[in-house]
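Q: Please take a close look at a single part of this model, the core, and work outwards from there to the residues around the core. I would like the cut-offs to be stated as the terms come up.

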Amino acid sequence: MNKYKKLAISIAFDALGYVSFVIPGFGEFTDVVWAPVSAWLMTKLYKGKPGKIAAVISFLEEAAPGLDVIPTFTLMWLYTHVYKAKETIIEV
């Protein structure tokens, strides 16, 4: 998958996580549903050990009250395509 397409999907998933802020009272229910779904999606979008670690973080971030504002998918994209890419370039 193209890395910029993955970025767009990551931003969309983060935006979907913010929907719980739109309807007061309903947000808690959506977080209960969204937390495991976001963790599963994270493992599908980002493979391997980093994806599994990000899935746990995503689940906890969505399940814990007040942490919904963290853009976990986008941060994982940055880690994968910016931070790790720089690390690879430096090692070569």
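A: Helices (H or I, at least four residues) and strands (E, at least two) are taken here as DSSP runs, numbered from the N terminus. By that assignment valine 82 lies in helix H4, and the protein holds 4 helices and 0 strands, in the order α-α-α-α from the N terminus on. The model is a predicted one, in which local features need pLDDT of at least 70 and side-chain atom pairs count only at pLDDT 80 or more, while totals for chains, interfaces and linings use all residues. Residues are numbered from 1 along each chain as its sequence is written, and side-chain values use heavy atoms, with hydrogens and water left out.

As a frame for the core, the C-alpha atoms fill a box of roughly 50 × 20 × 20 Å along the principal axes. Of the 92 residues, 32% are buried, that is, under 20% relative accessible area, where exposed is over 50% and partly exposed lies in between (1.4 Å probe, protein chains only). Among contacts (heavy atoms within 4.5 Å) with a separation of 6 or more, 62% join residues that are 24 or more positions apart.

The largest nonpolar core (a set of buried Ala, Val, Leu, Ile, Met, Phe, Trp, Tyr and Cys residues joined through side-chain atoms within 4.5 Å) has 12 residues, namely Phe13, Trp34, Ala39, Leu41, Met42, Leu45, Tyr46, Ala54, Ala55, Phe73, Met76 and Trp77. Two or more residues of this core come from each of H2, helix H3 (48–63) and helix H4 (72–91), and H2 gives the most, with 5 residues.

Helix H2 spans residues 27–45 and bends by about 35° at tryptophan 34, with proline 36 following within four residues; the bend is the angle between axes fitted to the seven residues ending at a position and the seven starting there. Trp34 thus appears both at this bend and in the core. The buried residues of H2 are Gly27, Thr30, Asp31, Trp34, Ala35, Ser38, Ala39, Leu41, Met42 and Leu45, a set that includes polar side chains such as Thr30, Asp31 and Ser38.

Where H2 and H3 meet, two alanines can be followed from either side. Alanine 39, found in H2, counts as buried because its relative accessibility is 12%, and, leaving aside neighbours within four places in sequence, alanine 39 is in contact with Ala55, Ser58 and Phe59. The C-alpha atoms of alanine 39 and isoleucine 57, which are 18 residues apart along the chain, are separated by 8.0 Å. Alanine 55, for its part, is found in H3 and counts as buried because its relative accessibility is 7%. With the neighbours up to four places away again set aside, alanine 55 touches Ala39, Met42 and Thr43, and of these Ala39 and Met42 are themselves core members. From alanine 55 to threonine 72 the sequence separation is 17 residues, and the C-alpha to C-alpha distance is 9.1 Å.

Helix H1 (residues 3–18) contains aspartate 14, next in sequence to the core residue Phe13. Beyond four places in sequence, aspartate 14 is in contact with Pro71, Thr72, Phe73 and Thr74, and Phe73 is part of the core. Valine 82, by contrast, counts as partly exposed because its relative accessibility is 33%, and its C-alpha atom lies 27 Å from that of valine 19, at 63 residues apart in sequence.
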